[in-house]
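Visitor: I have a structure to look at and no idea where to begin. Can you walk me through it?
Guide: Sure, let's bring it up.

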Amino acid sequence: MPLFLGAGDHNYNAALRLFGSPSMFASDLRLPAMPPNAVGESNWETLVRLGEDLTLITDDQLSALDSYRLFGHDEMGQPFWGYGVESARVGIAKEIVVLMRSDEQGDTDRALRWMPLAKLYTRKQARLIYQVLDTESPTEEAMHAILELFRDVFECAVETNWTYEKRLEFYHSFPFEELSTREAVVDFRRVLLGCAAFADFEYKFPECE
């Protein structure tokens with residue numbers, strides 16, 4: 001049985017609380033503010049981007065892992081792996097910044113941070129430039145399934161007008177670390193979309209098996 005179905009105090013429960021209690025998270029959860037002069041994605045734009053990327057992935061024109069699994073260095077110069085969950089454009093020059101959700105590993109807590117796209121690297125680039133290997137990533141099929149789940153969740157986000165803070169709470173709580181296979185994602189999808197908040201919501205996309 002996957003860990004997130006058996007551990008009562010796992011962060012998976014935070015994802016479920018996101019759709020329940022008005023007090024969704026502890027007050028000490030720190031979410032990054034949008035960078036100054038940045039224009040971020042709306043819920044609709046995120047949904048469109050996910051749909052377009054999934055079409056390219058299905059047609060073997062894009063890799064889910066190469067597009068969303070990235071390497072960078074935090075504010076202290078420490079290396080980390082994580083997931084680029086959305087982007088924004090800053091200022092007149094329209095510099096692209098990416099919202100990274102870093103991995104939770106050992107004593108290192110998961111975190112959300114905005115980073116310039118120019119300072120992020122794909123797995124191949126990280127191997128060539130920094131000689132580091134990504135040993136904790138999900139399979140390509142699992143990443144594809146995660147994006148399918150995100151697309152379905154953002155169908156609801158559009159309909160219910162999620163705020164910036166609610167999107168970030170969702171990204172922070174999402175248990176990437178435990179969804180290394182497509183089967184694990186499918187199991188988690190059933191639980192997540194079985195929450196009461198989704199009870200009356202009709203998805204345009206069938207469940208992915």
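Guide: We'll go from the inside to the surface, one topic at a time.

Visitor: Okay. Where does this model come from?
Guide: This is a predicted model. Keep that in mind as we go.

Visitor: Let's start inside. Which residues touch the most other members of the largest nonpolar core?
Guide: Phe150, Tyr171 and Phe174 do. That core has 40 residues.

Visitor: Which elements supply at least two residues of it?
Guide: On the helix side, they include α3 (43-58), α4 (64-68), α6 (140-160), α7 (164-173) and α8 (182-192). The strands β3 (79-90), β4 (95-102) and β5 (111-116) each do so too.

Visitor: And where does the largest share come from?
Guide: From α6, with ten residues.

Visitor: Back to Phe150. What does it touch?
Guide: Leaving out residues up to four places away in sequence, Phe150 touches Leu50, Val85, Phe170, Tyr171, Phe174 and Phe176.

Visitor: What about a second core? Which residues does it include?
Guide: Phe80, Val98, Met100 and Met115 are among them. This core is separate and has six residues.

Visitor: On to the strands. In which sense do β3 and β4 pair?
Guide: Antiparallel, over eight bridges. For one spot to look at, find Ala88: Val97 in β4 stands opposite.

Visitor: How many residues sit between β3 and β4?
Guide: Four, and the two strands form a hairpin. Look for Gly91 in the turn, where phi is positive, about 65°.

Visitor: How does β4 pair with β5?
Guide: That pairing is antiparallel as well, over six bridges. Val98 has Met115 in β5 as its bridge partner. Both residues also belong to the second core.

Visitor: How many residues of β4 are buried?
Guide: Six of its eight, so the strand is mostly covered.

Visitor: New topic: charges. How many salt bridges are there?
Guide: The structure holds 13. Let's take a few.

Visitor: What about Arg49: which residue is its salt-bridge partner?
Guide: Glu41. Their closest N and O atoms are 2.8 Å apart.

Visitor: Are those two buried or exposed?
Guide: Arg49 and Glu41 are both buried.

Visitor: Which residue does Arg123 meet in a salt bridge?
Guide: Asp66, at 3.1 Å from N to O. Arg123 is in helix α5 (residues 123-130) and Asp66 is in helix α4, so this pair ties together parts that are 57 residues apart in sequence.

Visitor: Why do you count Arg123 as partly exposed?
Guide: Because its relative accessibility is 25%, and partly exposed runs between 20% and 50%. Asp66 is partly exposed too, at 37%.

Visitor: What about Arg190 and Asp187: where do they lie?
Guide: Both are in helix α8, three residues apart, which is about one turn of the helix. Their side chains meet in a salt bridge, 3.2 Å from N to O. Arg190 is partly exposed at 42%, and Asp187 is partly exposed at 28%.

Visitor: Which residues do shared salt-bridge partners join into one network?
Guide: Arg101, Glu104, Arg110 and Glu177.

Visitor: Let's switch to Thr46. Where is it, and is it buried or exposed?
Guide: Thr46 is in helix α3. Its relative accessibility is 1%, so Thr46 counts as buried.

Visitor: What is Thr46 in contact with?
Guide: Setting aside neighbours within four places in sequence, the contacts are Glu41, Glu86, Phe154 and Tyr171. You have met two of these names already: Glu41 is the salt-bridge partner of Arg49, and Tyr171 is part of the largest nonpolar core.

Visitor: Now the outside. Which residues make a nonpolar surface patch?
Guide: Leu128, Ile129 and Tyr130 make one of about 290 Å². Leu128 is in helix α5. At 57% relative accessibility, Leu128 counts as exposed.

Visitor: Last one: what is notable about phi in Asn37?
Guide: Phi of Asn37 is positive, near 65°, in a residue other than glycine. Asn37 lies in the loop between α2 (12-17) and β1 (38-40), and is exposed at 66%.

Visitor: And Gln131: where is it?
Guide: In the loop between α5 and α6. Gln131 has a positive phi of about 55° and is not a glycine either. Gln131 is exposed, at 60% relative accessibility.

Definitions and conventions: Residues numbered from 1 in each chain as written. Predicted model: local features only at pLDDT ≥ 70, side-chain atom pairs only at ≥ 80, totals over all residues. Heavy atoms only, no water. Core = buried A, V, L, I, M, F, W, Y, C linked by side-chain atoms within 4.5 Å. Buried < 20%, exposed > 50% of the residue type's maximum accessible area, 1.4 Å probe, protein only. Contact = heavy atoms within 4.5 Å. Pairing = 2+ DSSP bridges. Salt bridge = Lys/Arg side-chain N within 4 Å of Asp/Glu carboxyl O. Patch = residues over 30% accessible without salt bridge, like charges linked within 9 Å, V, L, I, M, F, W, Y side chains within 5 Å. Areas by Shrake-Rupley, 256 points an atom, 1.4 Å probe, with all protein chains shown as cover.
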